[in-house]
Structure formats: C-alpha cells, structure tokens
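Reader: I have a structure to learn from and some questions about it. Please show it, and then we can start.

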Amino acid sequence: MAIEDQLLRDISVEELLGEVKKKSDDGYRLVQMGCTRIDEIFEINYSFEKEYKFENLRITISGDTVVPSISDSYWGSFIYENEMHDLYDIKVEGMNIDFNGYLFKTSIPHPFNDNIKVKKVPAKKKDNGGEE
Amino acid sequence: MGRRTVVPFGPQHPVLPEPIHLDLVIEDEKVIEAVPSIGYVHRGLEKLVETREYKDYVYIAERICGICSFIHSLAFCQGIETIMDVEVPERAHYLRTIWSEYSRMHSHLLWMGLFADAMGFENLFMEAWRIREQVLDAMEETTGGRVIQGSCKVGGVRKDISAGKLKEMSSDLDRISAEVTEMNHVFFDDSTVIHRTRGVGYLSKDDAYKLGACGPTARGCGVAIDIRETGYAAYPELDFKPVVENAGDCYSRCMVRAKEVVQSADLIQQAIAKIPDGDIDVKVRGNPDGEYFSRVEQPRGECIHYLKGNGTKYLVRERVRTPTLTNIPPLVKMLAGCEMADVPVIVLTIDPCIGCAER
Amino acid sequence: MAKITFTMAKRIFKSLTGGPATRRYPAVPARRYDASRGHIEINIEDCIYCGLCSRHCPAHAIEVSKPERTWQIDRARCIICNSCAEACPKDCIYMSNVYHEPVTSPILIEKIQGPEPAPKPEKKE
C-alpha cells in the first residue's frame, strides 16, 4: 500500500553521466544521493523528482571504483559527494568544490566504512572506573 | 582592488541556534564567497540502526532533531508500514496529522522569534515565544512531551485524544490564530523589518529549482513544491494550497512562514471537525523485507527516510536526508555578493537545523 | 495618528494590568499533566527478573541480574521513552509524572535489591 509510485533503475557507472544529463535536460531536480554498504559492495542511489514524480538511478560498485562527479549538470551535488567521500571513502573525481575530507570532521576518518561494530557499552561501574 | 581577508563565522555565534562554520572571504565589507563546514554535532545515528530493533529505533529517530521530532518518527513509521504492508486505522492518520501541524506551528513560531532577535527586535522575539508556549502546552497535555513526543509507533499511535479535549483545543486555536494574525502585522508592515530584509539574500527561481532548495526557501522564490500534496497521512481529505511568494528575498521567505502558521491552525480545525472514531493502532508482526523512500514535509522542507530491510529484526540501512543539508548550496549562492552585516539574517533565513543535517 | 496612539494605549494597559507571562518557578510548582513524562519507577516485589526491559531499552540504561535479584537503572542514560514499561510482562515498571530531584554526585545509578523468593512448597509423597 504505497502512497506514491517510485521507479528504480539499475545502471552501470559508464552510463551514469549520460543518464544524469538527460534528467537535467528534462527538467528534473536532484533530490538526494545516498550510499549503502552491503558486505563489500556499495550501492549508490541518485534520486530525481519532477512535479511529484519520483525516480531513482542506482549504481553498484566495489570500494576501489572511481565515480565521476555530476556537478556539471547539478551544481548543488557537492554536498552529497563530499559527505559520501567523508563517511564511506568513495573516490569521486571532478567535484566542483572539493573539501578533501574536511566537510565532516570526525575523530575516526571514514567511520561508516570500517568494520566498526557499535559495542554494547556497559553503564559506568564504580569499581571499574570507566567505560570501554 | 581591495585586500581580501577571511573572517570565520561560527560555530559559536549569538545568532545561531546550532553550530555551523562558514569561512567568509571579504573584500571591503562585501562577501565574495563563503565556504561551509559542518560536523560539530555528528552523532552517527545512522549506524545505530544496525544494533537496535526496528520497533525500538523509533525513539532514536525522534531524537535526531529537537524541533521537528514528531515528523521524523512519522516518516520512519510510515516507511516501515509501507514495506510491511500494514494498514493503519483512519483515526491514527488524523491524530498524526494533528500533531504534525502542531509541530509545524511551534517550529515556525520559534523561527520567527529567532529572526526578530537576529535583527535586534527583542520584544517581538518574546511575543512570538509567548504564543509558542500555548502550542507546547497543548502538545504536552495530549502526548506527554513538549518537544519530544514519543507518541508515534509502528502500526499507529500510542495515545488518544478525548472528544472534550478536542473541543478545548479547537477554541484555544481560535485565540492563538487571532494573536498570530495581530503579530504578523508587525512582520509585514514595520519599517525596521522591511529595511533589513527587503532585497537581501536574493535567489532567482531557476537557481532555487536547480540547486535543490526545498520548503519555505523554495516557496519564497516562486517554486511551488510542498510534499503534503503527494497525499500521506490524512492530507488527501484536508483542503489546502501551498503558500507561495514570488520576490525571492528574505522578506518573502518570512512572509511564507508567517502565513503558514495561520494555515496550520486552519488545517487542525479541519481535522478536528472530520476525525472519525475507531482504533488507534494495529498489531504488527514479522520483520521488514524490502526498501522504500519515505517522503514527508517538515517545517523546513522535504525530508526523506530511505529504509532497507532484509527480513531480520535489524534494518540494513537507514539514510536520512534532511532539508537543511540540501539548503546549504542555495545558502552559499545567496551569500556571494552580500554585505557583511547581512550575513546573520541570510544564514537564519534558510532555518538551519544542523542537528538534523548531521544526525 | 490617533489610531496608532489608541493601539499603543490598549497594549500598554494590557501589559500593566496583566501579570508576568512566566511562572515564578520554583516558588510556584511546575505545571505537570497526567501524561507528562517524569522518571521511571519499579515495584520490585512483582519483578521476575526476565530482562526484557533491558533488551528493549534504546539507551542501554537498565541492567538486570537474575541470580542476585537486582534491578539497576542509570538515570543519566535513561531517555524516559517508556519502552521498558511497555515491554514488561508483569507491569511492574511505570512512569511517574514529576522529574527526579536534583543530585550533587556525578554518578546516578540506582540499584534496587529485590526480596528473597518465597520458599517452594514441600513435595507431598
């Protein structure tokens, strides 16, 4: 029982720039770019919208693939590409404003990429004197 | 050709509600460009979804932001219900709509107070927050919390509102609406406000659409996008039109928000008149398996929760894209070419909620 | 001009005769409703030490120990979400609508010791 129909298409990395340029010429606006990590592969979703019609493109890459930037078609995409690079260590080439890892300042670089399991931290105990 | 200096704005600034850092490149009091930098309140909430059951995660999704908290939990619950094909009763839809519109009213009144404070008009700031207290009292009496409600769950809502209380809320709203309309006259007609906001922070309609602006930032430039028109919760049965202004500067964005407060009060009155009787929740069994983009309209714009489940109790991925994150490129465009004394007013006009933007 | 003076006079009169817009807390107690969220309490006599409250807590604030019959809550971690009260099979955890009193020590863990179990009845031959 979905509220609206949402299309999703899988494409390859080489077709990415061509498809995005077609969407930009058609008058779609860029909604978001999101990254999901499943074991060793990364799925990157590009979402577009025009007059409440919602469409997605998806590319599936491994950790070493270099993704081309879509800033030629959409000037505002730098914020999502820098966030992807800072959190997941995905290399994007050709960003119009490149922060080189300094947009998101975290104490561990690329925190969502490593196998950092969030541990069940026990409550502070008086005899132990600290948490792990 | 003047000399260029770099002035840091933030993360601590009296006018900012939450920390954001901007490096302003200044030449003789004019800003040439601005370089943003965020990450001061990053809590890594998206990673926690892998270790908390999906029913317990609703509490964490609520606490992503303190001002727009109910709508975050609504987006999450709606996404899970769509993946698992759960039909929520009608009364729960209406109750969720009533609380969402209360959230919108209190968020816009908070913004109007902060905007007046940024211009130095402290008396107007206190007047806006005094009216906001009445809205927060209504929320506390019906849900238990002033800003974090805790009443949305997967399958419906937790608490019900009795018929007597609904009638009391309706008469309170008449009074609040009258007070807000009287206060709006100051925002629209006062010469100090007009002098400081007219013509400041101009963004053209094409730029707003291409850069991905959403919410009042886009509606103040003439782009009519309001996700409530796609028809989630009880909105298909309520009658409203998005509030749009065409001038594209700070004054028109302020007008959009001021008019939306009155529109929200009217929507709540419509919902109270039409609310049906019935259950408020259904029992949910099983685990989510699939993916969905859940889109809702927050006070600041369009919010998307992307959920992906694989059949276990723990979700694989939850990606939250909040409106402030997508309003930062328009902010960078607006700041180029403005005077340095206008920077606080322009930063506040996109309604920055950095806690949402960084989760 | 006369209209502006009249509006200002009405406003001044209302501000002078109406009281302050805020409550004089702590002299006047805070206004709490029945549904307000204050702090979590437990009736330790009914507890069966199953640990469901600890598993459902989103902040990992509760620790339960079955052999020692203790129930412990870290008040600084608790986000007062009511998840434990809904998960409890015996309904012994409930939410009270006033806040916990302020304390001066930095560590705020409350450990409650339950009563000894009732002796098992003798097996009849």
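Reader: What percentage of the 132 residues of chain A count as buried?
Author: This is a predicted model, in which local features need pLDDT of at least 70 and side-chain atom pairs count only at pLDDT 80 or more, while totals for chains, interfaces and linings use all residues. Residues are numbered from 1 along each chain as its sequence is written, and chains are lettered from A and ligands numbered from 1 in the order in which they are written. A residue is buried if 20 or more other C-beta atoms, placed from the backbone, lie within 10 Å of its own (exposed if 12 or fewer, partly exposed in between). Of the 132 residues in chain A, the buried share is 30%.

Reader: Which pattern does chain A follow along the sequence?
Author: Helices (H or I, at least four residues) and strands (E, at least two) are DSSP runs, numbered from the N terminus. Chain A has two helices and six strands. Read in sequence order, chain A gives β-α-β-β-β-β-α-β.

Reader: Which strand gives the largest share of the side of chain A that touches chain B?
Author: Two residues are in contact if their C-beta atoms, placed from the backbone, lie within 7 Å. On that basis 26 residues of chain A and 30 residues of chain B take part. Seven residues, the largest share of the chain A side, come from one strand, residues 29-38, which is E2 of chain A.

Reader: Which helix gives the most to the largest nonpolar core?
Author: A nonpolar core is a set of buried Ala, Val, Leu, Ile, Met, Phe, Trp, Tyr and Cys residues joined through C-beta atoms within 7 Å. The largest one has 139 residues, and Leu95(B) and Tyr102(B) are among those that touch the most other members. Leaving aside neighbours within four places in sequence, Leu95(B) is in contact with Val157(B), Ile161(B) and Ile280(B). With 13 residues, the helix that gives the most to this core is H3 (residues 90-119) of chain B.

Reader: How are H5(B) and H9(B) oriented, roughly parallel or roughly antiparallel?
Author: Axes are lines fitted to C-alpha atoms, for helices over the stretch in contact, and angles run from 0 to 180 degrees between N-to-C directions. Helix H5 (residues 163-189) and helix H9 (residues 250-274) of chain B pack at about 165°, with axes 10 Å apart. Angles under 35 degrees count as roughly parallel, over 145 as roughly antiparallel, 65 to 115 as roughly perpendicular and the rest as oblique. Therefore H5(B) and H9(B) are roughly antiparallel.
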